[in-house]
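Let's take a walk through this model together, beginning where its parts meet and then visiting each of them in turn.

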Amino acid sequence: MMKILCVCGLGQGTSLILRMNVETVLREMGIDAEVENTDVSSAAAESPDYIITSNELSQSLEGHSSKIVIVNNYFDTEEIKTALEANMN
Amino acid sequence: MKFLDKSLVALDVNANSPEEAIRETGKLLYESELVEDSYVEAMVNSFNENGPYFVLAPNIAMPHARPEDGVKEACVSFIRLKEPVRFGHDSNDPVQLVFGLGASSSDEHLSVLQKLMGLLGDPANIDKLLEVNNHDEINHIIGGN
């Protein structure tokens with residue numbers, strides 16, 4: 001199954017909000033995926049299919065083997081959907 | 001769980017920097033005995049170490065730290081800044097609405113975040129939060145009491 005990791009600085013609050021909204025969007029898109037959330041240093045050791053994070057934190061994940069998807073507004077499900085669609089095609 | 005209770009809300013707060021804004025939200029949680037003072041320091045340290053990634057959306061920041069930094073109960077405070085403050089976020093600056101999250105390791109953590117998402121997921125609510133005059137009006141928006 002497709003694996004997606006939502007990443008923030010601490011892996012506590014921000015990435016959990018992102019994860020819940022990503023799960024909502026994936027359901028709407030009819031995509032079945034395993035979505036988890038974690039902090040940026042743990043993410044470096046993992047290899048999901050996609051990492052979703054903010055523009056800022058993406059810079060510390062440069063060179064990561066996973067495809068990095070950037071989201072700026074974590075509450076905007078339309079933005080999340082557009083970002084996922086652009087990266088999954 | 002404490003979510004935007006009256007003692008956790010302050011409107012038109014003066015803050016000249018992200019650190020001051022973070023401390024103001026943390027202070028509300030600390031004074032209500034929901035977090036230890038170490039948690040407020042950890043909120044500031046997280047900003048200094050990890051940057052403003054917790055500026056989740058235009059105008060909105062959600063500073064927080066880890067449960068083990070000293071959270072007694074899952075909680076969210078809210079301050080509206082008198083003047084917007086730049087947190088250094090590329091796309092979501094400046095920030096006027098700051099939600100202090102007391103991140104707990106309990107199931108209530110998920111519940112408070114869902115409440116916050118329910119509130120902030122609707123752009124109309126964000127416009128209202130910029131206009132409210134008192135806590136009763138905030139209660140009206142969140143539909144609680």
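A good place to start is the meeting of the two chains, to which chain B contributes 21 residues and chain A contributes 18 residues. Keep in mind as you look that this is a predicted model. On the chain B side, α2 and α3 (107-120) each provide at least two of the residues that touch chain A. Which helix gives the most to that side? It is α3(B), with three residues. Sorted by class, the side of chain B that touches chain A consists of 12 nonpolar, seven polar and two charged residues.

Now let's turn to chain A by itself. Four helices and four strands make up this chain, and along the sequence they follow the pattern β-α-β-α-β-α-β-α. Its radius of gyration comes to 11 Å, close to the 12 Å that the globule rule gives for 89 residues, so chain A is as compact as a globular protein of that length. If you lay the C-alpha trace of chain A along its principal axes, it spans about 30 × 25 × 20 Å.

The strands of chain A are a helpful guide to the rest of the chain. An open sheet of four strands runs in the order β2-β1-β3-β4 (chain A), and the pairing is parallel. Why do β2 (33-39) and β4 (67-70) of chain A each have one side left without a neighbour in the sheet? Both stand at the edges with a single partner strand each, so one side of each has no neighbour there. On average, neighbouring strands of this sheet are turned by 25 degrees against each other, direction ignored. Looking further into the sheet, you will find β1 (residues 2-8) of chain A running parallel to β3 (residues 50-53) of chain A, with three bridges joining the two strands. Cys6(A) is a handy landmark here, since you can find it opposite Ile52(A) in β3(A).

Next come the helices that pack on this sheet. Helix α1 (residues 14-29) of chain A lies across β1, β2 and β3 of chain A, and runs at about 165 degrees to β2(A). Helix α4 (residues 77-88) of chain A also packs on the sheet, where it touches β3 and β4 of chain A. The direction of α4(A) makes about 155 degrees with that of β4(A).

These two helices also meet each other. The axes of α1(A) and α4(A) come within 9 Å and cross at roughly 65 degrees, and the crossing is right-handed. From α1(A), the residues involved are Asn21(A), Val22(A), Thr24(A), Val25(A) and Met29(A), which meet Thr77(A), Ile80(A), Lys81(A) and Leu84(A) in α4(A). By class, this contact of α1(A) with α4(A) divides into five nonpolar residues, three polar and one charged.

With chain A in mind, let's move over to chain B. This chain has five helices and five strands, and from the N terminus on its elements run β-β-α-α-β-β-β-α-α-α. The radius of gyration of chain B is 14 Å, close to the 15 Å that the globule rule gives for 145 residues, so this chain too is as compact as a globular protein of its length. Along its principal axes, the C-alpha trace of chain B spans about 35 × 35 × 25 Å.

Chain B offers a helix pair to inspect as well. Helix α1 (residues 18-31) of chain B packs with helix α2 (residues 37-50) of chain B at an angle of about 155 degrees, and their axes are 9 Å apart. That angle makes α1(B) roughly antiparallel to α2(B). The crossing of α1(B) and α2(B) is right-handed. On the α1(B) side the contact is made by Pro18(B), Glu19(B), Ile22(B), Arg23(B), Gly26(B), Lys27(B) and Tyr30(B), and on the α2(B) side by Asp37(B), Tyr39(B), Val40(B), Met43(B), Val44(B) and Phe47(B). In terms of class, the contact of α1(B) with α2(B) has eight nonpolar, one polar and four charged residues.

Finally, two backbone details in the loops of chain B deserve a look. In the loop between β1 (2-3) and β2 (9-13) of chain B sits Leu4(B), with phi near 55 degrees, a positive value in a residue other than glycine. In the loop between β4 (75-85) and β5 (95-102) of chain B you will find Pro94(B). The peptide bond from Asp93(B) to Pro94(B) is cis, with omega near -10 degrees.

Technical notes: Residues numbered from 1 in each chain as written. Chains lettered and ligands numbered in written order. Predicted model: local features only at pLDDT ≥ 70, side-chain atom pairs only at ≥ 80, totals over all residues. Axes fitted to C-alpha atoms, helices over the stretch in contact; angles between N-to-C directions. Parallel < 35°, antiparallel > 145°, perpendicular 65-115°, else oblique. Left-handed = near helix turned anticlockwise from the far one by under 90°. Contact = placed C-beta atoms within 7 Å. Nonpolar A, V, L, I, M, F, W, Y, C, P; charged D, E, K, R; others polar. Pairing = 2+ DSSP bridges. Rg over C-alpha atoms; globule rule 2.2 N^0.38 Å.
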